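Q: Could we go through this model together? I would like to begin with the sheet and then turn to the core.

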Amino acid sequence: MLRPWSPAEITAVVDDGRLPRWAADFPADGDRVIAGFLAGHPAGPGAHGHRQIVERASGLVVGSIGLFWPPTDGVVEFGYGIVASRRGRGYATEAARAVVEFALSAPEVRAVCAGVELSNPASVRVLEKAGLRRWSSDGTTARFRVTAADPPPRQQ
């Protein structure tokens, strides 16, 4: 499940606090960066902004995902992260698919993209499973994208 960050959750992360509805290893470094950004940009969790990834079975926050809104020339980027204790369960792929579908439903978006370090093959696979295709690489990082005209991803 995806849900907006609450002001209390943003404050707790920024202040190195803990909330009972978080996985033991949440927040990760990327979540701290996002919370810091959101603390300075209160509109960040808006309709197109960052979301927490909540594990359905436990109700615990296990990561975050978000669009870097607004789009530039019809293209919007997204980023995501799952805490180590919950990786390999398909949460990142499910969240990425949902965010991509949501973004492509916006009239001002013609493509969704994401970057990934090639040293992180699991994240590369998440983007591929979410329907994105590699369109550039510099040997260290790769850029992936999908458009509304691309065929939908096969469920794996």
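The exchange below covers the sheet, its hairpins, one helix, one loop residue and the core.

Q: Before that, what kind of model is this, and what pLDDT do local features need?
A: It is a predicted model in which local features need pLDDT of at least 70 and side-chain atom pairs count only at pLDDT 80 or more, while totals for chains, interfaces and linings use all residues. Residues are numbered from 1 along each chain as its sequence is written, and side-chain values use heavy atoms, with hydrogens and water left out.

Q: In what order do the strands of the sheet run?
A: The order is E1-E2-E3-E4-E5-E7-E6, an open sheet of seven strands with mixed pairing. Strands here are DSSP runs of E with at least two residues, helices are runs of H or I with at least four, and both are numbered from the N terminus. Two strands pair if DSSP finds at least two bridges between them.

Q: Which strands stand at the edges?
A: Strands E1 (2-4) and E6 (133-137) do; each has a single partner strand, so one side of each lacks a neighbour in the sheet.

Q: And the hairpins: how many residues lie between E2 and E3?
A: Six residues lie between them, and Gly59 in that turn has a positive phi of about 75°. E2 (residues 51-54) and E3 (residues 61-72) run antiparallel and are joined by four bridges, with Val54 opposite Val61. E3 also forms a hairpin with E4, with two residues between them, and there Asp73 has a positive phi of about 50°. Seven bridges join E3 to E4.

Q: Which strands does H4 lie across?
A: Helix H4 (residues 121-129) lies across E4 (75-82), E5, E6 and E7, at about 165° to E5. Axes are lines fitted to C-alpha atoms, for helices over the stretch in contact (heavy atoms within 4.5 Å), and angles run from 0 to 180 degrees between N-to-C directions.

Q: Changing topic, is Gly88 buried or exposed?
A: Gly88 is exposed, at 83% relative accessibility; exposed means over 50% relative accessible area, buried under 20% and partly exposed in between, with a 1.4 Å probe and protein chains only. Gly88 is in the loop between E4 and helix H3 (91-104).

Q: Finally, how many residues has the largest nonpolar core?
A: It has 40 residues, and Trp5, Phe26, Phe78, Val112 and Leu132 have the most contacts inside it. The largest share, seven residues, comes from H3. Such a core is a set of buried Ala, Val, Leu, Ile, Met, Phe, Trp, Tyr and Cys residues joined through side-chain atoms within 4.5 Å.

Q: What does Val112 touch?
A: Not counting residues up to four places away in sequence, its contacts include Val76, Phe78, Val100 and Leu132.
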